[in-house]
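Student: Here is the structure I would like to go through. Can we take the helices and how they pack?

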Amino acid sequence: WPAFNAADSAITAGALMSLQAMARDARRMDNMLEDTVLEPENLARLVEACADVAVAQADMLHACGIDGGMMYDDWGLQRSLYISPQSWRAIWREPYARVIDRLHRHGMKFMLHSCGYIMDIVDDLIGIGVDAFQFDQPALYDFEALSSKMKGKATLWSPVDIQKVLPTGDKNRIQEEARRMIRHFHKGGGLIAKD
């Protein structure tokens with residue numbers, strides 16, 4: 001993580017209530033997507049209530065001596081978000097910002113897992129303080145563009161792509177993809193190898 005120094009040997013992170021996952025589970029995915037367009041004010045109220053719980057969880061993690069919090073929210077499809085970036089900003093941005101701010105006030109870090117392609121909101125997420133992005137599908141991204149956005153602000157925590165590269169079983173291809181990730185991210189925010 002950019003803010004950790006080399007003397008830090010290990011960090012601990014706890015799971016936080018996932019804002020999107022909780023709204024999705026409470027309303028079902030189809031209803032949540034409809035709510036995004038037809039009932040954005042009510043969906044925003046639900047997301048704020050989820051954020052209240054996540055903020056309280058951040059306080060509890062801090063009291064336990066945990067170094068960071070992580071949310072697991074899948075926002076992307078293979079080529080885009082599954083809602084418009086404008087809807088994401090209107091409904092989700094501020095609740096995420098509130099949770100991240102609470103963690104940062106405690107001196108803690110925030111990691112976000114998201115499957116799919118979310119480049120349209122990466123700047124927003126970095127702007128509200130995401131410290132590390134946990135992407136299992138990094139091959140969906142232009143590494144140069146993504147590492148440029150993260151440079152000095154956020155870290156990529158990722159395996160070699162789990163859908164396009166690892167399933168090939170081609171050792172040379174997998175190793176070359178790992179080298180390509182290192183070339184792009186060692187100066188572009190950093191890379192934490194996963195799995």
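Tutor: Helix 7 and helix 8 are oblique to each other, a class for angles that are not under 35 degrees (roughly parallel), over 145 (roughly antiparallel) or 65 to 115 (roughly perpendicular). This is a predicted model, in which local features need pLDDT of at least 70, side-chain atom pairs count only at pLDDT 80 or more, and totals for chains, interfaces and linings use all residues. Residues are numbered from 1 along each chain as its sequence is written, and side-chain values use heavy atoms, with hydrogens and water left out.

Student: At roughly what angle do the axes of helix 7 and helix 8 cross?

Tutor: Helix 7 covers residues 143-150 and helix 8 residues 171-185. Their axes, lines fitted to C-alpha atoms over the stretch in contact, with angles from 0 to 180 degrees between N-to-C directions, come within 9 Å. The crossing angle is roughly 40°.

Student: What span should the 24 residues of helix 3 have?

Tutor: Helix 3 runs over residues 40-63. The expected span is 1.5 Å times one less than the number of residues. The end C-alpha atoms are 34 Å apart, which agrees with the expected 34 Å.

Student: Is Val55 buried or exposed?

Tutor: Val55 lies in helix 3. Buried means under 20% relative accessible area, exposed over 50% and partly exposed in between, with a 1.4 Å probe and protein chains only. At 8% relative accessibility, Val55 is therefore buried.

Student: Which residues does Val55 contact, leaving aside neighbours within four places in sequence?

Tutor: Contact means heavy atoms within 4.5 Å. With those neighbours left aside, the residues in contact with Val55 are Arg98, Val99 and Arg102.

Technical notes: Helices (H or I, at least four residues) and strands (E, at least two) are DSSP runs, numbered from the N terminus.
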